[in-house]
Amino acid sequence: MSIPTSVLEELLHALPLLRTQIYFKSSLTALSHAMEDQVLAGADRALVIACFQRERFYRQEAHRYRRISNKTDQVYVLAAPETEFQNSSQIQEAIAFEPDDGLAKEWHLVVLAPNYSTCLVCREKEGAVVKPSELQSMDQSRRFEGIWTFDRQVSSTVARLLLERVRVYRPELEEKIERAIATYRLSESDKALEAAARFQDVDPGPFVQRLVTYLQAGQHKLVKTYRSIAAQERRERLVNSITTAIRQSLNPADIFQVAVRELGGALDVCRCLIYRCKATDQEAAIAYEFLGRSVKSLTGEVWPLQENPLFQEVVASGERVAVENIRTDSRITGSKRLMTLVQEWEIQSWLMVPVLYQNQLVGMVELHHCGCEYREWDAEELTMVEAIATQVGVATLQAEAYANLGDLNEQLAALDRTRSNLIAITGHELRTPLSTIQVCLESLASDPDMPPELRQVMLSTALDDAERMRTLVQDFLTLSRLESGRVEWNTEALPLHECLSLAISSVRTRTNPEAAALPTLILEVPEDLPLVRADGEWLVEVLSKLIDNACKFTPSGGKVTILAQTRGDRELEVKVADTGRGISRDRLETVFDRFYQEEGALRRSTGGTGLGLAICRQIVTGWGGQIWAKSGGKDCGSQFHFTIPIAPDSASEVTPNPSPRSKSKSSKGDRSSGSSRNRRTPIG
Ligand code: ADP
């Protein structure tokens with residue numbers, strides 16, 4: 001059952017001369033506590049009626065009411081239940097009213113003893129009612145309207161009104177209520193009460209004392225809160241200024257430098273270090289340091305990490321480690337290594353704060369206090385160093401991300417250059433022969449009377465250029481197949497001589513008989529070489545390209561030597577050496593890049609696509625070998641080396657006449673190989 005009417009209204013109706021005033025929640029709390037304490041401090045058996053708006057407000061005071069109930073058996077506690085509050089008579093009389101009852105908006109407390117009385121009757125101001133979720137933050141600003149007084153007549157009236165309600169909610173308490181009315185003379189007329197009031201022997205001492213204590217405690221709390229707000233504000237300002245300084249740069253070195261300087265200066269420490277490290281690092285090189293006093297610098301020193309138990313502790317816990325006094329800290333006194341370090345670097349107090357990213361250690365902030373006195377790291381300082389460590393972590397990662405972006409941009413630019421190069425080469429390589437072919441064919445078509453010799457020249461020029469175009473297209477396709485991994489490797493045990501013969505024949509076949517003669521070709525290949533394990537077609541391709549290049553870049557009078565020898569018992573090393581124009585040292589690796597040509601695509605006289613060595617590298621790495629170039633420099637000749645795996649169980653075996661599958665275009669033609677068995681055989 002719920003009664004919608006207000007007890008305050010009923011009181012004002014009963015005593016129309018009363019005037020209400022406004023109270024903040026904190027004042028009502030102070031008054032209530034003082035009233036309760038008066039009961040606890042006194043020896044009288046008082047009547048206590050407390051009406052809480054909600055069960056949770058009662059729960060905060062439940063222990064006090066248990067103590068009050070030990071003093072008197074006339075205690076009535078009313079509240080709107082939320083979880084477990086219900087009608088009961090166990091410790092005191094608990095009276096649960098409905099949440100929509102008029103009492104749910106009111107706060108009452110009446111204390112009536114034979115020689116004193118107080119009451120507090122208040123109603124929460126309309127509009128000030130807040131949602132439960134907002135209660136915490138809004139709590140102190142809640143306002144109530146009502147009356148607080150020592151007046152016995154008013155207190156008795158309020159007690160009577162409240163007991164009348166209790167009688168409705170819990171009729172079974174009839175007898176107890178009657179006893180209260182009789183004991184505390186609540187049924188007496190107002191006149192009689194007034195007369196009694198004149199003789200009441202009120203001792204306000206305990207009440208006033210409690211009120212003052214309560215107000216002092218409140219004041220103390222307030223001062224503490226102000227202090228902590230001021231400290232937090234100071235800390236935030238400092239962290240902000242350091243963060244701004246750190247974030248102004250995208251260079252990790254600047255970030256570390258600024259952070260170490262600002263943090264060391266703000267905390268007035270003797271030494272502040274920031275360094276990068278991983279959990280597994282043995283040591284760190286110190287590059288960023290702030291020195292506050294005349295202490296030894298650690299810059300340039302190697303700072304031990306794995307040998308440092310404090311570092312290990314930070315790694316294990318992922319949290320800061322603070323040592324206030326190295327003399328009394330067992331972690332230091334128990335470690336010889338740490339004792340040496342603190343003595344050498346005069347450390348008295350030590351703080352290590354990890355710089356973490358996604359729970360991984362990426363760096364460390366260290367603060368050292370040096371000298372004779374130790375330093376206590378207060379909570380505010382610790383929070384600040386941690387905040388800076390977090391900022392350093394974020395800023396460093398941002399800087400790294402930016403640097404990666406730079407790398408990516410460079411890669412994109414390189415890709416773009418390659419693309420332009422490709423367009424230039426294909427443009428030149430395809431357009432030039434195409435125009436030549438076109439001119440030749442047009443001339444042949446438009447001039448039927450052309451002399452036969454000229455006709456022959458025209459035809460062979462057109463054919464040569466068609467061949468150049470075919471080579472370029474073929475190299476493109478080959479390289480793209482190799483690069484995309486779309487190549488099927490038909491690996492088998494092969495004799496190197498056979499492949500060499502095929503490669504040399506292919507070079508000869510391709511050589512224009514009217515062009516300058518090839519340089520002298522010399523084979524220095526032992527006869528008893530073991531079989532190699534490779535795809536014959538691709539091996540011939542590599543050999544032909546290397547021999548072709550050697551002939552191309554060596555004048556007619558020069559020499560091209562092909563050598564082969566075992567390298568350990570697992571590999572053969574093949575070398576194609578020439579006495580030609582050579583390669584400058586800084587280009588020895590670049591020559592393997594796609595489209596690399598020393599004289600540039602458009603000024604080439606030797607033909608070629610710039611794809612040959614790129615193709616060779618793809619093939620050789622495909623069978624797990626290596627390829628590299630050597631040269632003494634300009635006009636000192638070049639040597640191209642590559643390795644091929646030896647076929648298992650064939651280390652000393654020589655197969656008499658197995659030949660590689662001759663499906664390669666370069667493998668067609670003359671396959672004479674007798675000469676390749678010679679120890680040192682000039683060919684041609
Ligand atoms: P290309 O079709 O231009 O020969 P390659 O990839 O085979 O393409 O060679 C790339 C470049 O490496 C050549 O253009 C040349 O500048 C250089 N090069 C290759 N082999 C030799 C060599 N034996 N002597 C001197 N330079 C060479």
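Q: In this predicted model, which elements do the buried residues of α17 pack against?
A: Helix α17 covers residues 612-622, and its buried residues are Gly612, Leu613, Ala614, Ile615, Cys616, Ile619 and Val620. The partners of these buried residues comprise two helices and two strands, namely α14 (452-483), α16 (536-552), β20 (627-631) and β21 (638-645).

Q: Which residue just after α17 takes a positive phi, and of about what value?
A: Helix α17 is made up of residues 612-622. Just beyond the helix, the residue with a positive phi is Gly624, and its value is about 85°.

Q: How are α5 and α6 oriented relative to one another, roughly parallel or roughly antiparallel?
A: The axes of α5 (residues 152-169) and α6 (residues 174-183) come within 10 Å and cross at roughly 170°. Because angles over 145 degrees count as roughly antiparallel, the orientation of α5 to α6 is roughly antiparallel.

Q: How many of the residues in the contact of α5 with α6 are nonpolar, polar and charged?
A: On the α5 side the contact is made by Leu163, Val166 and Arg167, while α6 contributes Glu174, Ile177, Glu178, Ala180 and Ile181. Sorted by character, the residues of this contact come to five nonpolar, no polar and three charged.

Q: Is Ser187, in the loop between α6 and α7, buried or exposed?
A: Ser187 belongs to the loop that lies between α6 and α7 (190-199). Its relative accessibility is 60%, and since the cut-off for the exposed class is over 50%, Ser187 counts as exposed.

Q: What is the C-alpha to C-alpha distance between Ser187 and Thr157?
A: In sequence, Ser187 and Thr157 are 30 residues apart. In space, their C-alpha atoms are separated by 9.1 Å.

Q: Where does α3 bend, and by about how much?
A: Helix α3 (residues 55-71) has 17 residues, and from its first C-alpha to its last it reaches 23 Å, close to the expected 24 Å. Within this helix there is nevertheless a bend, which is placed at Glu61 and comes to about 60°.

Q: What covers the buried residues of α3?
A: The buried residues of α3 are Glu55, Phe57, Tyr58, Glu61, Ala62, Arg64, Tyr65, Ile68 and Ser69, so that Glu61, where the helix bends, is itself in the buried set. The elements covering these residues include α2 (25-41), β2 (47-54), β3 (75-80) and β5 (106-113).

Q: What share of the residues of the chain count as buried?
A: The secondary structure of the chain comes to 17 helices and 22 strands. Of its 684 residues, the share that count as buried is 46%.

Notes: Residues are numbered from 1 along each chain as its sequence is written. This is a predicted model: local features need pLDDT of at least 70, side-chain atom pairs count only at pLDDT 80 or more; totals for chains, interfaces and linings use all residues. Side-chain values use heavy atoms; hydrogens and water are left out. Axes are lines fitted to C-alpha atoms, for helices over the stretch in contact, and angles run from 0 to 180 degrees between N-to-C directions. Helices (H or I, at least four residues) and strands (E, at least two) are DSSP runs, numbered from the N terminus. Angles under 35 degrees count as roughly parallel, over 145 as roughly antiparallel, 65 to 115 as roughly perpendicular and the rest as oblique. Contact means heavy atoms within 4.5 Å. Ala, Val, Leu, Ile, Met, Phe, Trp, Tyr, Cys and Pro count as nonpolar, Asp, Glu, Lys and Arg as charged, and the others, Gly among them, as polar. The expected span of a helix is 1.5 Å times one less than its number of residues. The bend at a residue is the angle between axes fitted to the seven residues ending there and the seven starting there. Buried means under 20% relative accessible area, exposed over 50%, partly exposed in between (1.4 Å probe, protein chains only).
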